[in-house]
Number of protein chains: 2
Amino acid sequence: VLFRSAAADDAVDALIAEASQSRLAYEIVESLTTEVGPRLAGTEAEARARDWAVAELTRLGFDDVRVEEYTMPVWERGPLEVEILSPYPQRLVATALGGSASTPAGGVEGELAYFASFADLQAAPASGLEGKIVYVDDSMTRTQTGEGYGPAVAKRGSAWSEAQERGAVAVIIRSVGTDSHRVPHTGGMRFTDTRPGIAAVAVSAPDADQLRRIAARGETMRVRVASTTSWRDEGVSGNVIAEVRGREAPDEIVLIGAHLDSWDLGTGAIDDGSGVAIVVAAAKLIADMPQPPRRTVRVVLFGAEEVGIFGAKAYATAHEDELSDHIIAAESDFGADRIWRLRSRVGSGALDEMDALAMTVAGLGVVRGGNGAGGAPDVTPLAEAGVPILEPDQNGWDYFDLHHTPDDTFDKIDPEALAQNVAVYAALIYQIANGDVDFRAEAVAEDE
Amino acid sequence: VLFRSAAADDAVDALIAEASQSRLAYEIVESLTTEVGPRLAGTEAEARARDWAVAELTRLGFDDVRVEEYTMPVWERGPLEVEILSPYPQRLVATALGGSASTPAGGVEGELAYFASFADLQAAPASGLEGKIVYVDDSMTRTQTGEGYGPAVAKRGSAWSEAQERGAVAVIIRSVGTDSHRVPHTGGMRFTDTRPGIAAVAVSAPDADQLRRIAARGETMRVRVASTTSWRDEGVSGNVIAEVRGREAPDEIVLIGAHLDSWDLGTGAIDDGSGVAIVVAAAKLIADMPQPPRRTVRVVLFGAEEVGIFGAKAYATAHEDELSDHIIAAESDFGADRIWRLRSRVGSGALDEMDALAMTVAGLGVVRGGNGAGGAPDVTPLAEAGVPILEPDQNGWDYFDLHHTPDDTFDKIDPEALAQNVAVYAALIYQIANGDVDFRAEAVAEDE
């Protein structure tokens, strides 16, 4: 098969060896988190991140480094206070959820309506919460795959609307996360045209435990939430794009991406500075090979992922005409831990090729997963347009300890794990870009 | 010897068995951290903690439960903002140090003067820092014994005066701690008559790393500190005292203590809710024995330890006349992990007895340490007055991950480790209280 010649094997082995001992990704994420830090979508900080990216990609010698701008609504947080007023007065550590409304000046006070789960809130009567502050508990299950996130994040998305419809004046949730530190997890709320009309905040796990213990005593709690947030309708964001131009089929695009924006609480080290570093370093190692691959490797650093994949949608729209030339797409957006599995979503005619490809990174500790990959968020618009998906799965066991918290900082990254990611990406992307397999062939995805 | 009769051994064994499976201490610290929470010295919250303690000690059936009040100056924190203005604008996670001054309205801005260590700051010229904001780095060494704390805490105590003398307008330190989470460590500053005249704050370890990385680039940094703090001269605090009255020599006092106040950021679970729980539970188990011990076991829950051992000093003054009847004193104030060593400071004539006593808890994993114990902070005034000291050393390996941070919360306590502490205290204190050894005999302390 295409991937299995002695010369090709030697090239891949050399690439893996080089990547495994490269510090480039570690240096890139150090630079981004130190020199830019937090970079909320649509803000001046995200613009500085684009400037950083253009400078970095140019310095590294990529082809055709460019920014593709778009506009989007921008939400920002202001001061926040959350406290128990009675029976046991104390401040809680909390953060506003993305998209949440301000409280009236001075905040809102009310009896806390405790719901052990989001399902309980959904099942509550249509009235009865007037003037109250809803609290939704619900712990998240720690998993390697990240499958605990879906069930846990439902409350973050929609508890506001369930509470608001029933007359509540604010909503508090237990942070969507797996740690037990005094750091809250922010994140976006789910809405379409109508923005949330009430304040919505997440408290840290120890604070959530506190509310749970008081509720378990059968005590009536009064709480206060004072939150100031703001919307700006026309913020500027953008995707930063760079390429390793293909030597024979430059119009055929192998896309690897990550997102450049981050939540504002941490410095976006594992979400998603590490992804930026992994794909940029992998592409740079490919660019430095004796000759460029047949096809073009395109690096896309998406803007505004956290607040609604605005960059990904803008990319899919702007590149609609060439999506049929996208051979495959992969995004690294699940932290900085090692890749343990390779999933895909390719045509059944290319499955044998994908299985063979997976074998080339087996020595890096990667097992072959199924063909039902959905891809990380920024490649979902591409997947919906029929672009095949490559999904190297990172170990997510610890990811939600840090995800969307102030604690997402550079010190959490293990340089050896990061280098393993680079080696996996470089090896896979090089082989795909240097080959001519059509991964869309008989594009019938097999469910996992 | 006194401690070694078959009947006494059986009683001690039964007490250890009972304590090791008791949940009482865990319930006590759950109650204190949930129903009171943070309890800064001299505040209304500390008063609520005294009310809680009186109710709890009374409920448990102790003798002569009482509060001994005193007044003290009270420092409180207000809003704080610390940020890098240039070259890489970003907010830092910080907390004001206890005793620090407010900045002028709007805060102070200045060039950051980076000192890799407190020794470097101490060695700096007498001028040259005018208008600057001093930063002192210095990491803390993780140890089981806590011996990393002394060297690390010097900057927290005195960096303000070194900086202020040289004309600096504020001082920032790396948190005194061993974790790498986005939680800052507060703590008291060192001063006597003259209160600090500048703002002093600690940044979390990841933020300190950030400053270190930028400094390593050789970049000039401008930072801003805006801190509001306040002093109140005549706050009320108090010690809460309860006893298990001795059956034969009630005037002879075996004192076990802990401190009831906490810093305001966390809920004071390991500092020092766990200590409160350990000594109260140990005394309760002794009270529940078939007959009370010969001597009186006195439980003292000291107020205002964190801000200058005001409660300990008030106790030593108020009880000056009976200090000669204090047989020995011990304070539990080093977290909630297991006791691994027993140190003491007793007269040389009682060393054999102390060695024999230590053997009775060897089965709980406790090794015999030296006779140079200084005691935890609240028993130091007693030690200075000649009271013998018993110091069961807790494993401090993880203690400074949480110490003085928002993260000092109930979820961090392991109930089995807590029960081990109770078993050690109960066994040791019961034997001392039920015996007649004079631990002051030939009171020449041996250095460790």
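Leaving aside its neighbours within four places in sequence, with which residues is A:Asp264 in contact? I shall open with that residue, and then turn to the salt bridges, to two helices of chain B and to the interface of the chains. Please bear in mind throughout that this is a predicted model.

A:Asp264 belongs to the loop between β9 (249-259) and α7 (269-287) of chain A. Its contacts beyond the neighbouring positions are A:Pro38, A:Leu40 and A:Arg77. With A:Arg77 there is a polar contact, side chain to side chain, at 2.6 Å. As for A:Pro206, that residue lies 58 residues from A:Asp264 in sequence, and the two C-alpha atoms are 22 Å apart in space.

Let me stay with chain A and move to A:His326, which is found in strand β11 (residues 326-331). Is this histidine buried or exposed? Its relative accessibility is 0%, so A:His326 counts as buried. The side chain of A:His326 reaches the backbone oxygen of A:Glu322 at 3.0 Å. Leaving aside neighbours within four places in sequence, A:His326 is in contact with several residues, among them A:Ile253, A:Leu255, A:Arg298 and A:Arg440.

Two of the residues just named, A:Glu322 and A:Arg298, appear again in a network of salt bridges. The other members of that network are A:Asp64, A:Arg66, A:Glu68, A:Glu243 and A:Arg245. Within it, A:Arg66 and A:Glu243 form a salt bridge with an N to O distance of 3.3 Å. Because A:Arg66 is in strand β1 (residues 63-86) and A:Glu243 in strand β8 (residues 222-244) of chain A, this pair ties together parts that are 177 residues apart in sequence. A:Glu243 is buried, at a relative accessible area of 6%.

How many salt bridges does a search of the whole structure find over all chains? The count is 73. I have selected two from chain B. B:Arg174 and B:Asp137 form a salt bridge in which the closest N and O atoms are 2.6 Å apart. This pair links distant parts of the chain, with B:Arg174 in strand β6 (residues 170-174) and B:Asp137 in the loop between β5 (133-136) and α5 (149-165), 37 residues apart. Both B:Arg174 and B:Asp137 are buried.

In the second example, B:Arg195 pairs with B:Asp233 in a salt bridge, the closest N and O atoms being 2.9 Å apart. Again distant parts of the chain are linked: B:Arg195 sits in the loop between β6 and β7 (199-203), B:Asp233 in strand β8, and 38 residues separate them. B:Arg195 is partly exposed, with a relative accessible area of 30%.

I come now to the helices of chain B. Helix α3 (residues 44-59) has 16 residues, which at 1.5 Å a residue should span 22 Å; the end C-alpha atoms are 22 Å apart, in agreement. At the start of this helix, a side-chain oxygen of B:Thr43 comes to within 3.2 Å of the backbone nitrogen of B:Ala45. The buried residues of α3(B) include B:Ala45, B:Arg48, B:Trp52, B:Glu56 and B:Leu57. The elements of chain B against which the buried residues of α3(B) pack are α2 (24-35), β1 (63-86), β8 (222-244), α7 (269-287) and β10 (295-302). After the helix comes B:Gly61, with a positive phi near 85 degrees.

Helix α6 of chain B has 12 residues and reaches 16 Å between its first and last C-alpha atoms, close to the 16 Å expected. Of those 12 residues 9 are buried, so α6(B) is largely enclosed by the rest of the structure. B:Pro206, B:Leu211 and B:Ile214 are among the buried residues. This helix is followed by B:Gly218, whose phi is positive, near 80 degrees.

Finally, the interface. In all, 31 residues of chain B are in contact with 31 residues of chain A. The buried area between these chains is about 2,400 Å², with 45% of it given by carbon and sulfur atoms. What does the rule find in the way of salt bridges across this interface, and how many? There are 6. B:Glu35 forms a salt bridge with A:Arg217, with the closest N and O atoms 2.7 Å apart. Polar contacts between chain B and chain A amount to 25 residue pairs. On the side of chain B that touches chain A, the elements giving two or more residues are α2 and α6 (205-216). The residues on that side divide into 10 nonpolar, 11 polar and 10 charged.

Definitions and conventions. Residues are numbered from 1 along each chain as its sequence is written. Chains are lettered from A and ligands numbered from 1 in the order in which they are written. This is a predicted model: local features need pLDDT of at least 70, side-chain atom pairs count only at pLDDT 80 or more; totals for chains, interfaces and linings use all residues. Side-chain values use heavy atoms; hydrogens and water are left out. Helices (H or I, at least four residues) and strands (E, at least two) are DSSP runs, numbered from the N terminus. The expected span of a helix is 1.5 Å times one less than its number of residues. Buried means under 20% relative accessible area, exposed over 50%, partly exposed in between (1.4 Å probe, protein chains only). Contact means heavy atoms within 4.5 Å. A polar contact is a pair of N or O atoms within 3.5 Å; within protein, one must be able to donate a hydrogen and the other to accept it, and residues adjacent in sequence count only if both atoms are side-chain atoms. Buried area is the accessible area (1.4 Å probe) that two parts lose on being put together, summed over both. A salt bridge is a side-chain nitrogen of Lys or Arg within 4 Å of a carboxyl oxygen of Asp or Glu. Ala, Val, Leu, Ile, Met, Phe, Trp, Tyr, Cys and Pro count as nonpolar, Asp, Glu, Lys and Arg as charged, and the others, Gly among them, as polar.
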